[in-house]
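Colleague: I have a model open and want to learn how to read its core and its strands. Could you take me through it?

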Amino acid sequence: IKTRLGIPAGKGACHTAQVGRYFIEGHVPAEDIRRLLAEQPDAKGLALPGMPPGSPGMEVPGSTPRPYTVELVRADGSTEVFATHGQ
């Protein structure tokens, strides 16, 4: 599925979804998905590699969330910062 959707090497995570024409890779916050769908950029989707502490579903009571960055994956496979969290 990751290959078919065009998720770049090194950007994979444990969960993959397809929302309309976009992929959502990893523990991407719902607010970022809503923004993606509202803005409709020329892109393949959003990626949050790994499982950063503090990202949705990765909250651990008593631990300190770490900052993380959600990346926009452009149609050519390049990436750029889409949103930062926990800063």
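**Core and strands**

Modeller: Twelve residues form the largest nonpolar core: Tyr22, Ile24, Val28, Leu36, Ala43, Leu46, Leu48, Tyr68, Val70, Leu72, Phe82 and Ala83. A nonpolar core is a set of buried Ala, Val, Leu, Ile, Met, Phe, Trp, Tyr and Cys residues joined through side-chain atoms within 4.5 Å. Two or more core residues come from each of β2 (22-26), β3 (43-48), β4 (68-74) and β5 (79-85). A second, separate core has five residues, including Leu5, Ile7, Phe23 and Ala47. The model is predicted: local features need pLDDT of at least 70, side-chain atom pairs 80 or more, while totals for chains, interfaces and linings use all residues. Numbering starts from 1 along each chain as its sequence is written, and side-chain values use heavy atoms, without hydrogens or water.

Colleague: How many residues of β3 are buried?

Modeller: Buried means under 20% relative accessible area, with a 1.4 Å probe and protein chains only. In β3, five of six residues are buried.

Colleague: Which way does β3 run against β2 and β4, parallel or antiparallel?

Modeller: Strands are DSSP E runs of at least two residues; helices are H or I runs of at least four, and both are numbered from the N terminus. Two strands pair if DSSP finds at least two bridges between them. β2 and β3 are parallel, with four bridges. Ile24 sits opposite Leu46 of β3. β3 and β4 are antiparallel, also joined by four bridges. There, Ala43 has Arg74 of β4 as its bridge partner.

Key: Buried means under 20% relative accessible area, exposed over 50%, partly exposed in between (1.4 Å probe, protein chains only).
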